[in-house]
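Work through the following exercises with the model at hand, and read each solution only after attempting the task.

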Amino acid sequence: MRRSWVLAGATLSAAVVAGTAMFLSGGEPQASQVQRQPPPAPGDPLSQDEVRRATEVATASSRAHMASGRIELLYVEREDDKAQDDRRAEAYLYDYADDALIVRTVDLAEGKVVEESKGRGVQPPPSKREELRAAELLLAHPKLGKGVRAEYKKASGRQLRTAADLQLRGLIFRDAGACRTHRCVRLFVRLPDGRFLDTSRIVIDLSAKKVQTLEW
Amino acid sequence: MFVHLLLAGSLAVSGAPLARTAAAPGQPCSAPYLIDERLPNGARWRLCWEMRTIEGLTVGRVAYTPPGHQQVGVLRSGALAQIHVPYDSGEPRYHDIGSLGSAAVALTEADCPGGERRGQYTCVLTRARGHAFLKDGFGDPAERRSAQGRELVVLSAYQVGWYTYIAEWIFGDDGSITPRVGATGSLAGTTTAPKHGWPIGVGRKHFEESHSHNIFWRMDFDIGGKARDVVEQYDFSGNRTKKRSMIRTTLTRETKALNWPMRWWRVVDPRVRNADGHAVSWEINNSGSAEYRGPSDEAFTHSDVYVTQYRACERLATMNPSPRCRTSVDAYAGKERVKDPVLWVNVGFHHVARDEDADPMPVHWQGFRVTPRDVTARNPAASAGPSAPPQ
């Protein structure tokens, strides 16, 4: 017996899960205090100011491609290389046209990129923005999008307005087909009534801007 | 404006900075990222924590001070390195990291009983861990020895799809470290063939699919600093014999190691000695792993402990996010000489659902133990703490 998966039809089967998920994990509320912060100690996470400066430096050479949507900044992490005494940040950028990850290491004291590495077939976890974009592609799919909207309506009694109405979590998928080289995401979609859509066979190819369904 | 927009995206993770106070001289991090806890028996743990975008909760610069002794550095860093979730029918197969930093669950006061929340996503607490020791006095109350132990816990939780993972780093007042993850939340709720699942709900209609959680931890040991650390594997020969002999194997090169009855490992710094002149070490054991072994394209599941030479860009056990490095731990463990060891511990749990796993699913734990071996010349807690025998 196979899973009760309804792909051929226009609906998505929703797994009967009354989840108690809490997806709203926004930023911390201390932004107003940033100005008076003492300098970070070596083991501290990046400060908001450091993230801002690293972002500015790391994206300077990619502005045009970022504006066109070809390159996207995924996130900025503290580099935790114990061989380095300086505070450094790593900016993760993805080039969808080239299907390559670019990691730019920024020395925060010098305010410049001190190392850049670029490679294909390397996929860091999807960013929040990518999760949202994947959901938009899913909603734009003629059959699957209709299915998601119907399930949302059933769960909430309301029409789905945008992808942001869905509670999303994305994981990279790279096991088959074009996804071996493209940036592909598998989404978990939680509905307002706590059920999750069975999306395990749906893969959203962010590089090709396509939705595929897996056969197994 | 452009940078502001980018920044909004970059900070949309749980790791957005908290208000800091300046770090005290000699401290590696500032409040609220510094944890410095003296437990009732006098044992002290000092560490830094960070909520990283990819790995989530990370502990760093972990140092232990046994009661009445000097502080010794143990770990440069410790973090989750992957949660691999293959389902028994063969599909799907998830790699749940996942930007754990943005999947962190806001914790309530009730999630952190008696403890202190650092920001919304991390809890620091202490709790009882049962008997530290118990020895009968044979009728002489002055000879009777009994003490209750306590432990420091640093925890965060992540919502990854229907699952909630609670990740704990437990630091015992006996010098032990227990990294563990509890899976709770909800079952996937998908059905499968009877041979791949277990009937839950009424009757025999819904066979919930069995699956594994193969969890990897990355631990960079730096015992008394990063130099000189060596990893040894211990085995005990003798199968169906009365005698057993100890066999020590020094892992001078990168290694993919398997669990084995009675086998354990230790990270030792031969130049850091206790008062008896024995080298200070921490032992890795007791994973209780289900030892899942996947197909050839999941070679990272084929070993239980990997020892690799430190490389900053080797962060995850699979799906490693660095173009400069290889992508999985089985590839990191080549033939390189190990001068600064990193240990990767793979602990599997095979979850065959049961009726009791109905929502909210009871937590099931998996992890392993890191225990001090010859860090002190005696039991450092023997005469310390409020539960010590009356004078």
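**Exercise 1.** Find which residues Trp344(B) is in contact with, leaving aside its neighbours within four places in sequence.

*Solution.* In this predicted model, the search counts a pair when the C-beta atoms lie within 7 Å. Applied to Trp344(B), with those sequence neighbours left aside, this gives Ala81(B), Phe216(B), Arg218(B), Val305(B), Tyr306(B), Thr308(B), Ala317(B) and Val329(B). Trp344(B) is also among the residues with the most contacts inside the largest nonpolar core, which has 120 residues, and Leu138(A), Ile204(A), Tyr165(B) and Leu343(B) share that standing. Apart from this core lies another, of 21 residues, including Leu74(A) and Val103(A).

**Exercise 2.** Compare the span of helix 3 of chain A with the expected one, and list its buried residues.

*Solution.* Helix 3 covers residues 128-140 of chain A, and because each residue adds 1.5 Å, its 13 residues should span 18 Å; the end C-alpha atoms are 19 Å apart, which agrees. The buried residues of this helix include Leu137(A), Leu138(A) and Leu139(A), but also the charged Lys128(A), Glu130(A), Glu131(A) and Arg133(A); Ala134(A) and Ala135(A) complete the list.

**Exercise 3.** Describe how the two assigned domains of chain A meet.

*Solution.* The assignment gives domain 1 as 14-25 + 126-213 and domain 2 as 37-120, and their C-alpha centres lie 28 Å apart. Each domain of chain A brings 7 residues to the contact, and on the side of domain 1 these divide into 1 nonpolar, 4 polar and 2 charged.

Conventions. Residues numbered from 1 in each chain as written. Chains lettered and ligands numbered in written order. Predicted model: local features only at pLDDT ≥ 70, side-chain atom pairs only at ≥ 80, totals over all residues. Core = buried A, V, L, I, M, F, W, Y, C linked by C-beta atoms within 7 Å. Buried ≥ 20, exposed ≤ 12 C-beta atoms within 10 Å, placed from the backbone. Domains from an automatic or database assignment. Helix = DSSP H or I, 4+ residues; strand = E, 2+ residues; numbered from the N terminus. Expected span 1.5 Å × (residues − 1).
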